[in-house]
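Student: I have a structure on my screen and would like to know what stands behind the words used to describe it. Could you take me through the reasoning?

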Amino acid sequence: MANWIDAEVIENKHWTENLYSLRVAGEIESFTAGQFGRLGLQIDDQIVGRPYSFVSAPDENVYEFYSIVVDEGPLSPKLAQLKKGDAVYLGKQANGFFTLDEVPAGEQLWMLSTGTGLGPYLSILKTDQPWQRFKKLILVHAVRYANELTYQDLISSFSQRDPDKFLYVPFVSREQTDFALHGRVPAAITDGRLEERTKLPLQSEHAQVMICGNPDMVKDTREVLQKRGFSKNLRRKPGNITTENYW
Ligand SMILES: Cc1cc2nc3c(=O)[nH]c(=O)nc-3n(C[C@H](O)[C@H](O)[C@H](O)COP(=O)(O)OP(=O)(O)OC[C@H]3O[C@@H](n4cnc5c(N)ncnc54)[C@H](O)[C@@H]3O)c2cc1C
Ligand SMILES: NC(=O)c1ccc[n+]([C@@H]2O[C@H](COP(=O)([O-])OP(=O)(O)OC[C@H]3O[C@@H](n4cnc5c(N)ncnc54)[C@H](OP(=O)(O)O)[C@@H]3O)[C@@H](O)[C@H]2O)c1
């Protein structure tokens, strides 16, 4: 059970009708980039809480979370309606193993995401760790529609930090664009379009792959990578695929 503290909404930025980022002030225990915290609201006679990955870096003084409205969900539509100054519960402790401390050494770090699964990578990329550890950082964000390719300013700042090291690859599956790859990530690995776009070979000798978001995408991508000789990264047996399922 989460141990809740009282927190206050500082900002609720709406990117689209369904995507929003909450910035929240409160005092919780320290976290590592890639971990998740918890947000909760009193609904009827109980606190309904859910996990949310931190988008903010551990040294920022406000916590940021990136969320989608699941229309039939109990919590996300209510969080979306919060305004500056509103109260929200914040879990006192962060959790999770989707952090670079759990990722073995490699030359390239591929960060694959669908939808709001982008969030933990933004926190990780705000820290120095990935920039110091890897020669190449590839951020892949797969969404249904182009207007869901959020956080463009922040992502541009990563490109500016080290244009030779950082690559951003957007995917849009349900409309055609002239800049994003079309379709789904596993298919683009299988048919070579992802490597063609990045001009980098995706091979288990060089690459560490993190995958976050839709569990079907996590599973399908893992299967495609396993066919190429990648293996799950386990504490007892290090590999090169580290995953986080959002449901
Ligand atoms: C470790 C972890 C970290 C998470 N981090 C985030 C995060 O940073 N941002 C975020 O938006 N969500 C995140 N989630 C999901 C989040 O906890 C909630 O499930 C989500 O906000 C919906 O809450 P709900 O109560 O409205 O509906 P729920 O009853 O929790 O979910 C109902 C259904 O909505 C769908 N769903 C849930 N989450 C998503 C999603 N993110 N994108 C698309 N469909 C979804 C699934 O089909 C799910 O069965 C995370 C989940 C886990 C387990
Ligand atoms: N995005 C919206 O327009 C919208 C609007 C209203 C509500 N919502 C809510 O948000 C939820 C969906 O969120 P989302 O748009 O972030 O979700 P999503 O369904 O996870 O889609 C995000 C991306 O993941 C891809 N994907 C899905 N399954 C995959 C798989 N097995 N392998 C590889 N890629 C896969 C999708 O491709 P495909 O397009 O090919 O599936 C899409 O490009 C819905 O359940 C709904 O509650 C979304």
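Tutor: Happy to; we will go from the whole chain to its domains, its core, its ligands and a few single residues. Keep in mind that this is a predicted model.

Student: What makes the radius of gyration of the chain agree with a compact globule?

Tutor: The rule multiplies 2.2 Å by the number of residues to the power 0.38. For 247 residues a compact globule would come out near 18 Å, and the chain has 18 Å, so the two agree. Along its principal axes, the C-alpha trace spans about 50 × 40 × 35 Å. The chain holds seven helices and 12 strands, and buried residues account for 38% of its 247 residues.

Student: What share of the contacts between residues at least 6 apart in sequence joins residues at least 24 apart?

Tutor: That share is 70%.

Student: Which domains is the chain divided into, and how far apart are their centres?

Tutor: They are domain 1 (4–91) and domain 2 (100–245). Taken over C-alpha atoms, 24 Å separate their centres. Domain 1 brings 14 residues to the contact and domain 2 brings 15 residues. On the side of domain 1, β5 gives the most, with three residues. By class, that side of domain 1 has eight nonpolar, six polar and no charged residues.

Student: How do you know that the largest nonpolar core lies between the domains?

Tutor: Let's start with its members. The core has 59 residues, and M111, V140 and V209 touch the most other members. Its largest share, six residues, comes from β8. Domain 1 and domain 2 both give residues to this core, so the core lies between them.

Student: Which residues is M111 in contact with, leaving aside its neighbours within four places in sequence?

Tutor: M111 is in contact with Y121, I138, L139, V140 and M210. The test for each pair is that the C-beta atoms lie within 7 Å.

Student: Why is helix α2 called largely enclosed?

Tutor: A residue needs 20 or more other C-beta atoms within 10 Å of its own to be buried. In α2 (residues 119–126), eight of the eight residues are buried, so the helix is largely enclosed by the rest of the structure. Those buried residues are G119, P120, Y121, L122, S123, I124, L125 and K126.

Student: Which residues are closest to ligand 1, and what makes a residue part of its shell?

Tutor: A residue belongs if its C-beta atom, placed from the backbone, lies within 6 Å of the ligand. By that test 21 residues surround ligand 1, and the closest are R50, G73, L75, S76 and T116. The elements giving two or more residues to this shell are β4 (46–53) and β5 (63–68). Its residues divide into 11 nonpolar, eight polar and two charged. At least three come from each of domain 1 and domain 2.

Student: Then what does the shell around ligand 2 consist of?

Tutor: Ligand 2 is surrounded by 20 residues, the closest being T114, G115, S173, N214 and D216. Here β8, α5 (185–190) and α7 (215–227) each supply at least two residues, and α7 gives the most, with three. The classes are eight nonpolar, five polar and seven charged. This shell, too, draws at least three residues from each of domain 1 and domain 2.

Student: Why does D44 count as exposed?

Tutor: The limit for exposed is 12 or fewer other C-beta atoms within 10 Å. D44 has 6 such neighbours, so D44 counts as exposed. D44 sits in the loop between β3 (36–43) and β4. Its phi is near 55 degrees, a positive value in a residue other than glycine.

Student: And why is Y151 called partly exposed?

Tutor: Partly exposed falls between the limits of 12 and 20. Y151 has 19 other C-beta atoms within 10 Å, so Y151 is partly exposed. Its place is the loop between β8 (136–143) and α4 (152–161). Y151 also has a positive phi, near 60 degrees.

Student: What makes F97 partly exposed?

Tutor: F97 has 15 C-beta neighbours inside 10 Å, so F97 counts as partly exposed. F97 belongs to the loop between β6 (87–91) and β7 (108–114). From F97 to F179, 82 residues apart along the chain, the C-alpha separation is 33 Å.

Definitions and conventions: Residues numbered from 1 in each chain as written. Chains lettered and ligands numbered in written order. Predicted model: local features only at pLDDT ≥ 70, side-chain atom pairs only at ≥ 80, totals over all residues. Helix = DSSP H or I, 4+ residues; strand = E, 2+ residues; numbered from the N terminus. Nonpolar A, V, L, I, M, F, W, Y, C, P; charged D, E, K, R; others polar. Domains from an automatic or database assignment. Core = buried A, V, L, I, M, F, W, Y, C linked by C-beta atoms within 7 Å. Contact = placed C-beta atoms within 7 Å.
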